[in-house]
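Let's take a relaxed look at one protein structure. We'll go through a pocket and then some helix packing.

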Amino acid sequence: MKEVARKRRLMRPLLIVMSAPSGAGKSTLCDLLLQEFPEITYSVSCTTRAPRGEEEDGVDYFFLSPEDFERHVREGLLLEHAVVHGNHYGTPAGPVREAFAEGQSVLMDIDVAGAEQVRRFVATLPVGDPLRQGFVDVFIEPPSLEELRRRLEGRGEDSRESIELRLHNAAGEMARANEFAYRVVNDDLRQAYLRLRDILLVRGGAL
Ligand code: 5GP
């Protein structure tokens, strides 16, 4: 995508939680944010699912055995965790705290159940806590379930069974969109990105 506007910086760190049904374009929107804002760190999740395609351990995910994942949960190393499409996923707490301590914003790409846990967690923090002040939760919506099916089939990454499971779960996730403070419909990528960017710039004190 071409340069969208004059460069702006976030003036205070944000804890950005983005959720969306699989195939809604969330990963592309996350990549665009990370390209434009070097002050945003991507939170690399742990998962028990197998790597897909070119995915790299420690970059896209930390790929863990079920036993290792369980140990992370037991030792309280995860900020939140959930089962999504039959696999375990969770956010390591340490890197989030470290990034904030350095004044970096954090971008978490997690499901609606994980978003709910983070929302509840930040609500327990003192009002002045930077994690609470910087919390921004955004739900990315596809224009429709039919369009979502077309996109999932088009990307050719998932088996038929996996696509059906993702579509089934999408309906449930979309029913929870109103739990999020912000909702962005990804009908047109550029327009959706500009809306997302504006939300973060306002919340980040840059507009
Ligand atoms: P995928 O397997 O397609 O990479 O991701 C499937 C779903 O798992 C996506 O909706 C993604 O947002 C979610 N997910 C990825 N990492 C985490 C995490 O750390 N916690 C939770 N709760 N969900 C995650």
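What follows is a short walk through the pocket and two helix pairs.

Keep in mind that this is a predicted model.

**The pocket**

How much space lies in the largest pocket? It's about 930 Å³. The lining is made up of 36 residues, and those closest to the pocket's centre are Ser27, Arg49, Arg52, Tyr61 and Asp109. Four elements each give two or more residues to this lining: α1 (26-36), β5 (78-84), β6 (87-92) and α7 (160-174). Which of them gives the largest share? That's α1, with six residues. If you sort the whole lining by class, you get 12 nonpolar, 10 polar and 14 charged residues.

**α1 against α8**

Now follow α1 away from the pocket to see how it packs on another helix. Helix α8 covers residues 189-203, and its axis comes within 10 Å of the axis of α1, with the two crossing at roughly 55°. Because of that angle, α1 counts as oblique to α8. The crossing of α1 past α8 is right-handed.

Who touches whom here? On the α1 side you'll find Thr28, Leu29, Leu32, Leu33 and Glu36, and they meet Leu189, Ala192, Tyr193, Leu196, Arg197 and Leu200 of α8. By class, this contact has eight nonpolar residues, one polar and two charged.

**α6 against α7**

The other pair brings back α7, one of the elements in the pocket lining. Its partner is helix α6 (residues 145-155), and the two pack at an angle of about 150° with their axes 10 Å apart. Angles over 145 degrees count as roughly antiparallel, so that's the label for α6 and α7. Here too, the crossing is right-handed, with α6 passing α7.

From α6, the contact uses Leu145, Leu148, Arg149, Leu152, Glu153 and Arg155. From α7 come Arg160, Ile163, Glu164, Arg166, Leu167, Ala170, Ala171 and Met174. Sorted by class, the α6 and α7 contact has eight nonpolar residues, no polar ones and six charged.

**Side by side**

Here's how the two pairs look in a table.

| Helix pair | Angle between axes | Distance of axes |
|---|---|---|
| α1 and α8 | roughly 55° | within 10 Å |
| α6 and α7 | about 150° | 10 Å apart |

With the structure in view, try finding α1 at the pocket, where it gives six residues to the lining, and then trace it to its contact with α8, where Leu32 is among the residues involved.

Notes: Residues are numbered from 1 along each chain as its sequence is written. This is a predicted model: local features need pLDDT of at least 70, side-chain atom pairs count only at pLDDT 80 or more; totals for chains, interfaces and linings use all residues. Side-chain values use heavy atoms; hydrogens and water are left out. On a 1 Å grid over the protein atoms alone, a cavity is a set of points where a 1.4 Å probe fits but cannot get out, and a pocket is an open set with protein on both sides within 12 Å along at least five of seven lines; lining residues have an atom within 4 Å of a point. Grid points are joined across faces, edges and corners, and a volume is the space filled by probe spheres set on the points. Ala, Val, Leu, Ile, Met, Phe, Trp, Tyr, Cys and Pro count as nonpolar, Asp, Glu, Lys and Arg as charged, and the others, Gly among them, as polar. Axes are lines fitted to C-alpha atoms, for helices over the stretch in contact, and angles run from 0 to 180 degrees between N-to-C directions. Angles under 35 degrees count as roughly parallel, over 145 as roughly antiparallel, 65 to 115 as roughly perpendicular and the rest as oblique. A crossing is left-handed if the near helix is turned anticlockwise from the far one by less than a right angle, and right-handed if clockwise. Contact means heavy atoms within 4.5 Å.
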